[in-house]
Amino acid sequence: MSFWRGFRQPTRYAALLAGAIPVLAFPAANLEWLGWVGLVPGLALMRAAGTRREAWVRGWWFGAGYLLAAMYWLAPNIGPALLLVAIAFGFLFSAVGLSVWSFLRPPVTARRALAALVVVPSCWLVTEWIRSWQGIGGPWAVLGASQWQHPAVLALAAVGGVWLVTFALVAANTGLLIALVGRAPMIRLTGLAGALVAVVAGPIAFALTAPAPVARPLTVALVQAGPTSGPAVRLQRNEQLTARAAGRAELYVWGESSVGYDLASRPRYLSALERLSARAGAEVLVDQDARNAAGAQSKQAALISSTGVRGRYVKTRLVPFGEYIPFRSVLGWLTKISRAAPTNVQPGTGAHVLRAALPDGQPLTFGVLICFESAFPDMSRVDTDHGAQVIIYQTSDATFQSSWAPAQHAALGAIRAAETGRPVVQAALTGDSAAFDARGRLLAFKGTSFHGTVLVRLHLPEASARTPYDVLGDYVPWTAVAIAALAALAGLSRAARARRRGPADAAGRSAELLTDRR
């Protein structure tokens with residue numbers, strides 16, 4: 001394959017390294033400004049390729065570098081499979097290399113510069129959307145998530161999801177590249193204007209929109225127990241922290257895997273949690289990670305009141321290799337050389353809301369999702385459509401405690417809050433726990449060194465409140481798919497016409513083709 005050829009070409013290694021630059025925009029580095037400029041070196045290498053094929057390969061190497069840097073913390077769990085994942089999904093970025101080279105190789109014309117400002121971001125977005133499908137892994141390191149600390153930029157997420165934020169970032173990078181490589185002043189101005197529009201789009205959206213009216217406040221306690229030596233100690237610590245905060249919150253939320261026993265077959269543990277709820281004066285949302293009497297393992301959120309279990313949610317979208325191994329019959333050998341899942345966890349049937357009774361007697365409809373599910377925009381949208389006033393995530397990133405993963409994970413809450421117009425909280429067993437308001441503004445953040453309870457005051461919207469993204473859904477990635485497809489079809493059509501007119505005419509028109517035959 002082309003990826004493996006030409007290992008002595010330094011430009012390909014440069015593309016690999018260039019792919020790591022934009023990853024620094026994510027936590028924990030949090031150099032979020034790199035989201036706006038960090039793609040330029042990689043795009044420049046793709047543009048400078050001598051042939052269409054080389055641009056395609058450089059895009060592939062760039063994508064592999066991006067994914068290796070973004071998910072390096074998976075190496076202990078999946079071992080050499082990380083390299084295979086990076087190479088396989090890095091291939092998708094070859095479309096970015098092709099689009100950059102097709103539109104921005106010399107000489108850059110005004111027509112091609114304008115097209116590049118739309119087609120290049122669309123090709124990038126298509127790669128993100130494809131790899132966001134749960135069947136092949138799920139969304140991680142979506143570029144738009146790097147802007148989690150900027151509510152003015154996240155206003156775009158309320159309009160078109162994280163996808164629109166990504167589109168703006170790539171468009172800004174493309175515009176800067178045009179401004180750098182264009183020879184004519186008009187071409188450079190076109191690039192700068194495109195970058196400027198991308199940069200100001202978020203603040204304009206923020207200024208023109210307002211959060212939904214507040215229906216009522218809610219005080220939530222996020223319990224972060226910290227690392228423990230076993231399920232008994234873990235349960236005891238969560239109970240102690242909840243008891244210390246008794247009477248101070250209207251709902252207590254524990255992290256993922258906080259209960260390591262099957263409550264259905266261990267009634268004494270359930271009774272203890274019922275007494276704890278009565279003592280705290282509010283219901284407790286725990287997370288059960290255990291095998292049932294039949295031997296099947298699942299991860300379940302359980303809402304516990306003083307009278308029993310009021311509702312459950314079973315984790316639906318599982319972590320590849322961490323909770324199941326795709327194509328286990330083929331890849332099962334990974335368990336011998338890594339910490340990949342020894343058996344597959346049983347998934348649930350989909351997102352649905354739970355309903356709590358608050359201490360003042362009022363009902364609360366909320367969405368609860370577990371761990372990796374915070375990466376999926378559609379799941380929080382489903383909960384919002386079902387009337388959730390707040391989205392709650394339970395997670396445990398203990399396996400990746402010393403990496404960038406916990407911070408990256410917690411940051412996703414800001415994106416989901418902006419998309420749905422709902423406050424979002426994440427209770428992490430060992431960190432990072434976080435809370436965001438309905439526009440994605442940070443309310444609380446506790447890292448992996450914190451052990452205790454975080455009290456957060458939220459302002460809940462009406463259950464009927466909707467953002468444009470809630471209503472319109474994934475129109476941005478679908479539009480990107482259409483743009484990329486039309487650009488490809490136009491290029492193929494021109495190539496066919498050029499072949500019919502003869503080699504000489506084809507050579508004269510090759511600069512205008514999206515699909516060059518060299």
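Helices, meaning H or I runs of at least four residues, and strands, meaning E runs of at least two, are taken here as DSSP runs and numbered from the N terminus. What I am showing you is a predicted model, in which local features need pLDDT of at least 70 and side-chain atom pairs count only at pLDDT 80 or more, while totals for chains, interfaces and linings use all residues. Residues are numbered from 1 along each chain as its sequence is written, and side-chain values use heavy atoms, with hydrogens and water left out.

With that in place, let me begin in the loop between α1 and α2, which is where Asn30 is found. Asn30 is not a glycine, and yet its phi is positive, at about 55°. Because its relative accessibility is 23%, Asn30 counts as partly exposed, where buried means under 20% relative accessible area, exposed means over 50%, and partly exposed is what falls in between, using a 1.4 Å probe and protein chains only. Ala28 lies in the loop between α1 and α2 as well, and the peptide bond that leads from Pro27 to Ala28 is cis, with omega near 5°. To put those two features in context, most residues other than glycine have a negative phi, and most peptide bonds are trans.

There are further examples of each kind. The bond from Pro106 to Pro107 is a cis peptide bond, with omega near -5°, and Pro107 sits in the loop between α7 and α8, the latter being residues 110–131. Ala141, in the loop between α8 and α9, has a positive phi near 60° although it is a residue other than glycine; with a relative accessible area of 9%, Ala141 is buried.

Let me turn to the helices. Which residues of α3 are buried? They are Val40, Gly42, Leu43, Leu45, Met46 and Arg47. That is six of the eight residues of this helix, which spans residues 40–47, so α3 is largely enclosed by the rest of the structure. The buried residues of α3 pack against α1 (10–20), α2 (34–37), α4 (52–70), α7 (94–104) and α9, where contact means heavy atoms within 4.5 Å.

Helix α9 covers residues 151–181, and Ala155 has its place there. At 7% relative accessibility, Ala155 counts as buried. If we leave aside its neighbours within four places in sequence, Ala155 is in contact with Gly202, Ala205 and Phe206. Ala155 and Ala418 are 263 residues apart in sequence, but their C-alpha atoms are 6.6 Å apart in space.

Helix α10, residues 185–208, contains Ile204, which counts as partly exposed because its relative accessibility is 44%. Ile204 also belongs to a nonpolar surface patch with Leu196, Val199, Val200 and Leu208, and together they have about 460 Å² of accessible area.

Now to the sheets, where two strands pair if DSSP finds at least two bridges between them. One open sheet has six strands in the order β5-β4-β3-β2-β1-β12, with mixed pairing. Its edges are β5 (308–314) and β12 (452–461), each of which has a single partner strand, so one side of each is left without a neighbour in the sheet. On average, and with direction ignored, neighbouring strands of this sheet are turned by 30° against each other. Within this sheet, β3 (residues 283–291) and β4 (residues 297–305) pair in the antiparallel sense over eight bridges, and Asp287 has Ala301 in β4 as its bridge partner. Helix α12, residues 267–280, packs on the sheet, touching β2 (251–253), β3, β4 and β5, and its direction makes about 40° with that of β4. For such angles, axes are lines fitted to C-alpha atoms, for helices over the stretch in contact, and the angles run from 0 to 180 degrees between N-to-C directions.

Another open sheet is formed by six strands in the order β6-β7-β8-β9-β10-β11, and here too the pairing is mixed. At its edges stand β6 (353–357) and β11 (442–446), each with a single partner strand, so one side of each lacks a neighbour in the sheet. From one strand to the next, the twist averages 20°. Strands β9 (residues 424–428) and β10 (residues 433–436) run antiparallel and are joined by three bridges, with Gln426 standing opposite Ala434 in β10. Finally, helix α14, residues 377–385, lies across β6, β7 (363–370) and β8 (390–395), and runs at about 165° to β7.

Methods: Patch = residues over 30% accessible without salt bridge, like charges linked within 9 Å, V, L, I, M, F, W, Y side chains within 5 Å. Areas by Shrake-Rupley, 256 points an atom, 1.4 Å probe, with all protein chains shown as cover. Salt bridge = Lys/Arg side-chain N within 4 Å of Asp/Glu carboxyl O.
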